[in-house]
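Please look over the sequence and the model shown below before reading on. The report that follows goes through its sheets, cores, helix packing and backbone features in turn.

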Amino acid sequence: MKASVLIIEDEIEIAELIKLYLNNEGIDVFHTDNAEAGLLIIKEKKIDLIVLDINLPGMDGFEFLQTIRKDYDTSVVIVSARQDDEDMILGLGVGADDYITKPFSPKVLAARVRANLRRYMNFEELEKTKTKTKTKTIKFMDYVVDAEAYLIKKEDKKISLSPREFEVLLYLLENTGAPKTPEDIYKTVWGNSFGDLTTVAVHIQRLRKKLEKNYTLPEIIETVHGIGYIIRKETLS
């Protein structure tokens with residue numbers, strides 16, 4: 001199935017460059033220069049990934065991202081001239097899956113888009129077929145994880161996780177008792193040996209807010225100071 005990408009970027013030259021490289025990858029591309037029009041497009045079209053600028057006229061990228069996350073799990077890659085850590089953390093914190101700063105290499109952007117599309121579209125297929133698959137379950141605390149269907153429940157209530165959040169959780173669950181560094185997690189889940197490791201910390205924080213009774217005092221995903229993160233074996237049930 002052919003992938004569809006929406007570019008929300010008000011600099012036409014940049015948008016056309018991104019579109020050219022993605023078209024060469026066999027990806028259908030839609031473009032708009034403002035977030036308000038972007039909201040209309042995702043309601044009317046099947047969009048698999050959004051390439052989002054932050055500095056937009058009218059509604060900015062952060063507000064757009066917060067708005068769509070109420071109803072959509074669509075993968076979002078932020079492309080922004082803002083290089084401050086605070087902007088990156090904010091973007092990832094409100095639901096972006098990746099963050100690339102300008103100026104950027106079109107080849108690198110295309111590779112990151114491909115990687116995010118693979119995960120998102122695989123997630124979509126598993127969601128459609130989860131009733132047909134052989135279930136591989138992992139139980140911890142009050143949660144049950146169906147690893148094959150990318151599904152997690154607490155007392156039969158589905159917990160909404162993005163594909164990336166689910167993969168971080170699953171990686172830690174499959175390695176219970178062994179602390180994993182941010183580098184380990186980034187390389188395995190994002191499929192890259194390069195990138196900003198702040199991404200990992202933000203996704204851990206998002207998971208804690210969704211799963212922990214008190215995310216400031218985590219009992220599931222613990223921090224091992226100087227190393228990384230761990231889910232302890234005794235957490236499994």
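Of the 28 residues in the largest nonpolar core, which touch the most other members? They are Ile152, Leu169, Ile185 and Ile221, where a nonpolar core is a set of buried Ala, Val, Leu, Ile, Met, Phe, Trp, Tyr and Cys residues joined through side-chain atoms within 4.5 Å, and buried means under 20% relative accessible area, exposed over 50% and partly exposed in between, with a 1.4 Å probe and protein chains only.

This is a predicted model, in which local features need pLDDT of at least 70 and side-chain atom pairs count only at pLDDT 80 or more, while totals for chains, interfaces and linings use all residues. Residues are numbered from 1 along each chain as its sequence is written, and side-chain values use heavy atoms, with hydrogens and water left out.

**The two cores**

The elements that give two or more residues to the largest core are β6 (137–140), β7 (143–146), α6 (163–173), α7 (182–190) and α8 (198–211); helices (H or I, at least four residues) and strands (E, at least two) are DSSP runs numbered from the N terminus. Helix α6 provides the largest share of this core, seven residues. Leaving out residues up to four places away in sequence, Ile152 touches a set of residues including Phe140, Tyr143, Val145, Phe166, Leu169 and Leu211, contact meaning heavy atoms within 4.5 Å. Apart from this core lies another, of 24 residues, with Leu39, Ile50, Ile78 and Leu92 among them. In soluble globular proteins, nonpolar side chains tend to be buried together.

**The parallel sheet**

Five strands form an open sheet with parallel pairing, in the order β2-β1-β3-β4-β5; two strands pair if DSSP finds at least two bridges between them. Strands β2 (28–32) and β5 (98–101) stand at the edges with a single partner strand each, so one side of each is left without a neighbour in the sheet. From one strand to the next, the twist averages 20°. Strand β1 (residues 4–8) pairs with β2 over five bridges in the parallel sense, and the bridge partner of Ser4 in β2 is Asp28.

Helix α1 (residues 12–24) lies across β1, β2 and β3 (49–52) and runs at about 170° to β2, where axes are lines fitted to C-alpha atoms, for helices over the stretch in contact, and angles run from 0 to 180 degrees between N-to-C directions. Helix α3 (residues 61–68) also packs on the sheet, touching β1, β3 and β4 (75–80), and its direction makes about 160° with that of β3.

Within strand β2 is Val29, which is buried at a relative accessible area of 14%. Its contacts, leaving aside neighbours within four places in sequence, are Val5, Ile7, Lys19, Leu22 and Asn23.

**Antiparallel strands and helix packing**

Strands β6 and β7 run antiparallel and are joined by four bridges, with Ile138 standing opposite Val145 and Lys139 opposite Val144. The covered face of β6 has Ile138 and Phe140, and the uncovered one has Thr137 and Lys139. Strand β7 also pairs with β8 (residues 151–154) in the antiparallel sense over four bridges, and there Val144 stands opposite Lys153.

Helices α6 and α8 pack at an angle of about 85°, with their axes 10 Å apart. They are therefore roughly perpendicular to each other, a term that covers 65 to 115 degrees. On the α6 side the contact is made by Arg164, Glu165, Val168, Leu169 and Leu172, and on the α8 side by His203, Ile204, Arg206, Leu207, Lys210 and Leu211.

**Backbone features**

Most residues other than glycine have a negative phi, and most peptide bonds are trans. A cis peptide bond, with omega about -5°, joins Lys102 and Pro103, and Pro103 lies in the loop between β5 and α5 (106–129). The table lists two residues that have a positive phi although neither is a glycine.

| Residue | Phi | Loop | Relative accessible area |
|---|---|---|---|
| Met141 | about 50° | between β6 and β7 | 36%, partly exposed |
| Asp156 | about 70° | between β8 and β9 (157–158) | 71%, exposed |

In addition, Tyr150 takes a positive phi near 55° in the hairpin of β7 and β8, which has four residues between the strands.

Notes:
Angles under 35 degrees count as roughly parallel, over 145 as roughly antiparallel, 65 to 115 as roughly perpendicular and the rest as oblique.
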